[in-house]
Amino acid sequence: MKKLFAIPALVLALSPMGLSAQNPIIGTMFTPDPAPYVHGDTVYLFVDHDEDDAQYFKMKDWLLYSTTDMVNWTYLGAPISTATFKWAKQGDNAWASQAIERNGKWYWYICAEDTTKHLHGIGVAVADRPEGPYKDALGKPLVPGNWGFIDPSVFIDDDGQAYLFWGNNGLWYAKLNEDMVSLGSDVIPVEGLNDPDAFGPQVMKMDYQENRRKMKTGYEEGPWVTKRNGVYYLVYAAGGVPEHMAYSTSNSINGPWKYQGRIMDEAQGSFTIHGGSIEFKGRNFMFYHNGQGINGGGFRRSSAVEEFEYTKDGKIPFIPFTKEGVVKPVRNLDPYKRVEAETMAQSYGLKTDRSAGSSHYVTSIHNGDWMRLRAVDFGNKDQQRIKAAVSNVKDKDAVIEFAIDNLGKKPFAIVPVTKDGVLESGIPNKVEGVHDVYILFRGGDGEMFDFDWWVVE
């Protein structure tokens, strides 16, 4: 008989025993500067990556996640890194990005340190699929390095014209040609940047070009451009440091812009905030980052999301931060189709691989680690077994426990981890209806195995 090791007391203290927090939405990596993109029935989330040991901005690669329900997120790897761009400083300064699809190609706009200018510039990588493989489209920056040339935001207007916005302590934009990898205009500074009517009240903040503090309007960095009912929305980090989220609107992509107010307060545990909004399945969601992940902080930030509704006159309301995040899933998850182990709503102690490509897994699994999946629909089907695929097994006394609705409940299935490969166990008590599923890992000391996927049959 296998020995079931006790769960560490710290894990029990942190574990959800009822309604669990959803924010931050990803617990396996630090994921700042979320850039969501809706493509059909899927939301792709392009993010940066703060290193676990970061004491300053320490960022080497960019990560990708996806969801079809807005509560369970699937890790799709690290498709690009500074190594993708030979013109960029290697192993660091992989800052904010945004991606978009056009004519069957995916274009991922990034900012990284231009080694010829020794300042950040804007680059672009291209792929046939959102998860890659990507290649540097130009072999050089699309926009060469300059002061404040960070945080690219790409937008395609109703007439098909694409635009690229970017900037910290300044805001610039340019047309993109239809090839999406060349500029169709000069670089244009956004007018009115120091006008309080355009970008909010003036505050004393640092001007890095002049290397001194001065009175400037609220716009700081992180532009995010969308359009709704003929109105252009420009959401941005505002107010200097610490930053909050604000927005301005215009009837033209070229301005003039009109300040509309604060929409999010300063991020919890982080002196920066960065994100943007999407409409998905008739619902509106605002993404941002905070420092609320385990061991998080101002240089170890995590993506979060809140649902909101526009006012009747088309304004973005003030959006408070919540622990719950998205309360109602867009759809339920089907456990009778293979569920990738790297799909989860919440986790503790787990990591995912850092590779490119389409094959990914959960790793760094220790006794007491767990994950939660929301809104899993078992229906009223017959259930014979549960299967789980594992590899790199180091602890043959380890087990995977599956429970519903509460981490402390008796498991409905237990899979012994005896060897690499596809393992299975019976389901003695049938599960019906829609439930949260908690997957708890038990074993001895040290790392136990890697987890690839699971399915109910």
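1. A quick term before we start: contact here means heavy atoms within 4.5 Å. Bear in mind too that this is a predicted model. With that settled, take E51, and skip its neighbours within four places in sequence: the residues in contact with E51 are F30, K58, K60, R300 and R354. E51 sits in the loop that runs between β2 (42-47) and β3 (61-67). Is this glutamate buried or exposed? The cut-off for buried is under 20% relative accessible area, and E51 comes out at 8%, so it counts as buried.

2. T28 is another loop residue to look at, placed between α1 (9-14) and β1 (35-39). Its relative accessible area is 3%, so T28 is buried. Leaving out residues up to four places away in sequence, T28 touches Y65, M344, S347, L350, K351 and T352.

3. T28 turns up again when you go through the internal voids. The count is two cavities of 30 Å³ or more. About 50 Å³ of space lies in the largest cavity. Which residues line the largest cavity? The list is I25, I26, G27, T28, Y65, W73, Y75, E342, M344 and T352. Compare that with the contacts of T28, which include Y65, M344 and T352. As background for reading such voids, rolling a probe the size of a water molecule over the atoms shows where empty space is left.

4. On to the open space. The largest pocket holds about 690 Å³, and 31 residues line it. Which of them lie nearest its centre? Those are F57, W95, I150, N168 and E221. If you'd rather think in elements, β8 (119-127) and β16 are the ones that give two or more residues to the lining of this largest pocket.

5. That brings up the sheet to which β16 belongs. Four strands make an open, antiparallel sheet, in the order β16-β17-β18-β19. Its edge strands are β16 (219-228) and β19 (258-264), each of which pairs on one side only. On average, neighbouring strands of this sheet are turned by 25° against each other, direction ignored. In general, strands of a sheet pair through backbone hydrogen bonds, either parallel or antiparallel.

6. Zooming in on one pairing: β16 and strand β17 (residues 231-238) run in the antiparallel sense and share seven bridges. What does E221 stand opposite in β17? The partner is A237. E221 is also among the residues nearest the centre of the largest pocket, so if you're browsing in a viewer, E221 links this point with the pocket above.

7. Now the charged pairs. The model has 24 salt bridges in total. One of them joins the side chains of R262 and E266, at 3.3 Å from N to O. R262 has 35% relative accessibility, which makes it partly exposed. E266 is partly exposed as well, with 31%.

8. R385 deserves its own point. Its side chain meets that of E424 in a salt bridge, 3.4 Å from N to O. R385 lies in strand β29 (residues 385-391) and E424 in strand β32 (residues 421-426), so this pair ties together parts that are 39 residues apart in sequence. For accessibility, R385 is partly exposed at 29%, and E424 is partly exposed at 47%.

9. There is also a salt bridge between E457 and R385, at 3.3 Å, N to O. E457 comes in the segment after β34 (450-456) while R385 is in strand β29, so here the pair ties together parts 72 residues apart in sequence. E457 is partly exposed, with 32% relative accessibility. Which residues make up the wider network of salt bridges? R385, K387, E424 and E457 are linked in it.

10. Last, S425, which also lies in strand β32. Is S425 buried or exposed? At 16% relative accessibility, S425 counts as buried, whereas E424 is partly exposed. Not counting residues up to four places away in sequence, S425 touches Q384, R385, I386, I414 and V415. How far apart are S425 and Q384 in space? The C-alpha to C-alpha distance is 8.6 Å, with their positions 41 residues apart in sequence terms. R385, a member of the salt-bridge network, is thus one to check from both sides: it bridges E424 and touches S425.

Conventions. Residues are numbered from 1 along each chain as its sequence is written. This is a predicted model: local features need pLDDT of at least 70, side-chain atom pairs count only at pLDDT 80 or more; totals for chains, interfaces and linings use all residues. Side-chain values use heavy atoms; hydrogens and water are left out. Buried means under 20% relative accessible area, exposed over 50%, partly exposed in between (1.4 Å probe, protein chains only). A salt bridge is a side-chain nitrogen of Lys or Arg within 4 Å of a carboxyl oxygen of Asp or Glu. Two strands pair if DSSP finds at least two bridges between them. Axes are lines fitted to C-alpha atoms, for helices over the stretch in contact, and angles run from 0 to 180 degrees between N-to-C directions. On a 1 Å grid over the protein atoms alone, a cavity is a set of points where a 1.4 Å probe fits but cannot get out, and a pocket is an open set with protein on both sides within 12 Å along at least five of seven lines; lining residues have an atom within 4 Å of a point. Grid points are joined across faces, edges and corners, and a volume is the space filled by probe spheres set on the points.
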